[in-house]
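Here is a short tour of a multi-chain model, written to be read with the structure open beside it. Take a moment to find your way around the chains before reading on.

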Amino acid sequence: MNLLLLILIPLLTAVAVFMMQNNNQVRWIAFFGSAIQLILSLGLYVVYTNARNHGDTAQMLFEQNMPLFKSWNINLHLGVDGISVAMIMLTAFVVVAGVLMSWKMEKMTKEFYFLLILLSMGAYGFFISLDLFVLFFFLEIAVIPKYLLIGVWGSGKKEYSANKLALMLMTGSALVLVGMFILYFGGGKSFDILQLAQTTIPTWTQHICFPLLFVGFGVFTALFPFHTWVPDGHSSAPTAGSMFLAGISMKLGGYGCLRVATYLLPEGAKEYANIILLLSAIAILYGAFATMMQKDLKYINAYSSISHCGFVLLGIGMLTKVAITGAIMQMVSHGLMTALFFAVIGIIYERTHTRQVNEMGGLLKVMPFTITLLFIVGLCSLGLPGLSGFVAEMTVFVGSWENPDTFHRIVTVAGCMSIVVTAVYILRAIGKTAMGPLKEEYNNLSDAAWHEKLATIILLVGIIAIGVAPFWLNDLVSPGAELIMQKIQMAK
Amino acid sequence: MEPGLYHLLFISAALFFIGVYGFLTRRNLIAMLMSIELILNSVNLNFIAFNKYVWADKLDGLFFTIFVIAIAAAEAAVAIAIIINLTKNFQSIDVEETEEMKY
Amino acid sequence: MPNATYMMLIVLLPLLSFLIMGLFGRTYLKNTAGIISTCLSFLSTCLAFYTAYGYFFEYGKINGVYQKLIPFNYLWLAFSEGLSINMGILLDPITAMMLVVVTLISLMVHIYSLGYLKGEERFPTYYAFLGLFTFSMLGLVVASNIFQIYIFWELVGVSSFLLIGYYYEKPSAVAACKKAFIVTRFADLGFLIGILVLSFYAGTLDFNTLIQRLTSPESNELKSALAASFLGISALTWGMILVFVGGAGKSAMFPLHIWLPDAMEGPTPVSALIHAATMVVAGVFLVARLFPIFAISAPDALEIVAYVGAISALFAAIIACTQTDIKRVLAFSTMSQIGFMMFALGVSKYGGEEGLGYTASMFHLFTHALFKALLFLGAGAVIHYVHSNNMKDMGGLRKQLPITHFTFLIACLAISGVPPFAGFFSKEEILLAAFQHNQTIYWMALITSGLTAFYMFRLYFSIFWNKSYHPHHEDEHGHHGEGGFVMMMPLVLLSVGACLAGFIPFGKFVSSDGTALVSEFHLQFSIAPVALGLTGIFTALFLYKTENDKPDKMASTLRALYQIAYHKFYIDEIYLFITQKILFNCIGKPAAWFDKNVVDGLVNATGNTTQVLSEKIKKIQSGKVQEYAVYFLVGVFGLAMVFIYMWK
């Protein structure tokens, strides 16, 4: 399978979207483009597992390598392993759902869809590139449209949020860039991930580089205390923007932390693991407690994202194979779940014109479909078995517990405690929104429209597919985690 | 006393500093333009002086001088065009009043 | 060997019911939802009986010992080589017994609800939730893996949440369902950590391997688990205590019981199924499942189980004497009876005669499921008739509700331990086991059983005797009798069970180590409890048979005690204080404040600093050409100086 397709199709879609005459054409083109991409990513999964089952043990499959800039040794090096395939599938699911959720977007539709598709291209490119420079290029492509999405199509204090988000993410990118160059000069003048993994990078380089790269990518995935763009950014963004932001962008960071920082700099990872654990444990609990006090549905989900993304970093920081597998699963799970949550919030907001939980109540009566989804996604968020959140969190916990010392135990128990706090805030939000007496003014609300139903069902399928049958995802990502672990174990 | 390189350099330096002084103190754009011409001509003088006294067998200095003269002419044309436009907009050729391009 | 397909069907049929009702019920099956679900439930029940019969009488026993069979095992999620979550079926005596209990009570509730919830708008949804619950509960009892039990444990929790919140427009129901979920969730945290501890030391999650590794004295796993210690208690004991915390939460043991009385906000048949007969005994089941480890390797943890059980039993019985909401009385009585089961396990030892407590506990679980479901369904019939939960609105209903009255009486006699009803036999065994092993607990239990008889008959007399019944809203809804055949049939069937279940030679089938345990009947031993029970009954008769002011007088004489018990020892208030005042005000609010002002403040401060700084230095960009020229010249001269004097 030619991985370039994954970048070309969004690119073509984006161009096609730009050439369309009216909004209807724009929507359908965007939808078809993203649907083809979804089919392609599912196909990629099939082809990938097939190749693996036939005994292809190469670290990366479907590799392509063409020089872009010889003198700097920059190559367009593409390739996927199980982790990337999982992330690509996540992206494809979220993109289709996001496109469908924006069906009624009337303001500058063409530009909106163009940016959405461009953003998705950045994400796909990020997940398949094996060259740090190209990776960084796609990372930036995935960030910049977000500034416009929030600044132009957002709501509330959108300019502030857009600025904040763009500046904080750019700061993260800058750190990544610096780290990347140090790595380049310290590791034999190569940006190639696979080559860098083979070379021995001096310890002091690792110790300098790791924090730069980890914090840089960590900003994307809401590493405490660099998480404050999350609540503002999510709450100001349009529905699809929030979905992309939480479902895809935050995962770029997690993937980068794992693939670039931890994998290439295992000694650095060992050196700073305890700090990561501490920060992620704080993020998990503190995010959860901060969520309890929020009154806006989007803020609730945004803060809970901080808490949930803490599990990703916790899993990485634990440095065991199971925990890292769990971290990846948590990325996929959280991406789907939080995208669905934002979609549901979007549906509710479009009808009630408020996101304050106190102003709602009893909506189950008038919008049974939407609110059932709210229940499901809430339960997923608090880790109900049968839905994806449970599988991921439990994998992280089991993996974390493999570290026998007291510090790791305490951190794990702190992480576990969040399942109670999560239950508190989720039930509080659901209870106030969905249950209780229905307010007079909401008597005539309509339930979700077809495109909203389709969008949410697509995401729901993903959540249930992981929750009911987690083995396929586990089989997909754990060899990748295994490789990363091997590298860590070999390091001093 | 035969005038030597040092004399010429002295004149050129004097011309240069007069030009700089004029450029910095004059508020009139035309006067500033003239100061720039002085600076350019001091450079020309330098070129010629070095050409004559140091590398008498070469013509590089002369060529450069011709180039500078040509450029100075072009520059004067552009500058005057700008000055005319400014006069239209501000009804003045005082630099103090044409400080639109700030922060 | 058991038929794995049949066993899977037992579990999956209710799931099918859930899926059908959940996906299509609201649009297509508005009227037929109940019938379809009941049929599926019936099928599942038949298969459960078939399997239990087959297990107990045909293939289960090899050399006189009941085996632990695993007819089905599927790798669901592999963590590492040793640790994996398997979805499997473990068939042993308690599983077989629980299968029968769960499917039977579930079927009864399915049938009963046909009448009880007739005409409800969300009728199919209700049946969907029932299906989900039954599925999860069955999955829990057949679990072959400790993580599988945790998975279904959470699922029963959520179905309980959904069913308590069935009347979602009632704020009290919403509060109750949230409370139930969060309190049990808190307990599950303990369970989860317990699982992690056990799995770390045992290196497996599979029940059979786990038990085998943690009970045989020579195994390395057991040695390491005993060697590691935290705060002077071995890791294994910690693990077992934490697992028990989970069990205590689900089984509403003191002090995690506060959700159970509130859970009565759900529809009454649900209370019968979930909060009386099946889900709340999951904790007992869990302890029984891990009983060998408790008994052999962690006796300290078992001691805790015993005391928590005994305290809960007594504590709940005292509260039950003062409550006026009939469902709450029943709820506290459930808690008290589960306390009995718990401490019966707690005082038991592993194997042979010493394992009497284990058998007794399971026996009591079995009989209790029958008579407590009966009591709840009876109470449901009463509530259906009176449209009130409060005892004060009732009285003299024996004429209006003859069948309910009769069956309720049987259930009351059974729970009070009057021979020859079911409760007598199981309770005697429990008391005997307690007597043999722990005198303190025995005396607590004896007092509790006296109190049980008293409050049950207080309830009985208040509903069916006392003053004569004057309906308040007669003109509004008229009399619809007892609720028809569908509501009465389960009552009658269950009352037959409550009469006869005691005669089952339970020890033959269920014992701690699988061998048959012949329980002897000690006449002289049962004199004390029976006499105490009868005293309780007669006291209730004396106080509540007719309308009088004796109860009020008694309450005012024992004012302080009465008030405390009436307010459930203020445990709710303590919890409320902890959650509202401490959790929200002292952690939640500061965290939110800190985030908004400190962390985000720093981010904004960075932005502001940059802005202020740029405000300062932008003055350089004045727009005056000559100033720029000065800067330029200064720069050139500066560089020239550097070049000339410093560049050597």
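The notes below go from the overall model to its chain contacts, and then to some local features.

## The model and its confidence

Please keep in mind that this is a predicted model. Its scores are ipTM 0.91 and pTM 0.88. For chain C, the mean pLDDT is 84, with 97% of the residues at 70 or more.

## How the chains meet

Which chains share the most contacts? Two pairs of chains are in contact, and chains A and C come out ahead of the other pair. Chains A and B, by contrast, do not touch, and their nearest C-alpha atoms are 21 Å apart.

The contact between chains A and C draws on 37 residues of chain A and 38 residues of chain C. On the chain A side, the elements that give two or more residues are H6, H11 (266-292), H14 (368-381), H15 (388-401), H16 (406-434) and H18 (471-490). H16(A) gives the most, with nine residues. By class, this side of chain A has 29 nonpolar, seven polar and one charged residues.

Chain B meets chain C through ten residues from each chain. Here the chain B side has six nonpolar and four charged residues, and no polar ones.

## Chain B on its own

What is chain B made of, in helices and strands? The answer is three helices and zero strands, so if you follow the chain from the N terminus you will read the elements as α-α-α.

The C-alpha trace of chain B spans about 50 × 25 × 25 Å along its principal axes. Its radius of gyration is 17 Å, whereas a compact globule of 103 residues would have a value near 13 Å. Of the 103 residues in chain B, 12% count as buried. Looking at contacts in this chain with a separation of 6 or more, 49% are between residues 24 or more positions apart.

## A covered helix in chain A

Now turn to helix H9 of chain A, residues 229-236. Is this helix mostly covered or mostly open? It is mostly covered, with eight of its eight residues buried. They are A:Trp229, A:Val230, A:Pro231, A:Asp232, A:Gly233, A:His234, A:Ser235 and A:Ser236.

Several helices of chain A help to cover the buried residues of H9(A), including H5 (132-153), H6 (158-186), H10 (239-264) and H12 (297-318). One of these, H6(A), also appears among the elements that give two or more residues to the side of chain A that touches chain C.

## The nonpolar core

The largest nonpolar core has 437 residues. Which of them touch the most other members? They are A:Ala97, A:Leu340 and C:Ala373.

A:Ala97 is a good place to look at the packing. Leaving aside residues up to four places away in sequence, A:Ala97 touches A:Met243, A:Ala339, A:Ala343, A:Ala455, A:Ile458 and A:Leu459.

## A hairpin in chain A

Chain A also offers a pair of strands to look at. Strand E1 (residues 61-69) and strand E2 (residues 74-80) of chain A pair in the antiparallel sense, over six bridges. One bridge joins A:Phe69 to its partner in E2(A), A:Ile74.

How many residues lie between the strands of this hairpin? There are four, and in this hairpin A:Asn73 takes a positive phi near 60°.

Note on methods. Residues numbered from 1 in each chain as written. Chains lettered and ligands numbered in written order. Predicted model: local features only at pLDDT ≥ 70, side-chain atom pairs only at ≥ 80, totals over all residues. Contact = placed C-beta atoms within 7 Å. Nonpolar A, V, L, I, M, F, W, Y, C, P; charged D, E, K, R; others polar. Rg over C-alpha atoms; globule rule 2.2 N^0.38 Å. Buried ≥ 20, exposed ≤ 12 C-beta atoms within 10 Å, placed from the backbone. pLDDT = per-residue confidence, 0-100. Core = buried A, V, L, I, M, F, W, Y, C linked by C-beta atoms within 7 Å. Pairing = 2+ DSSP bridges.
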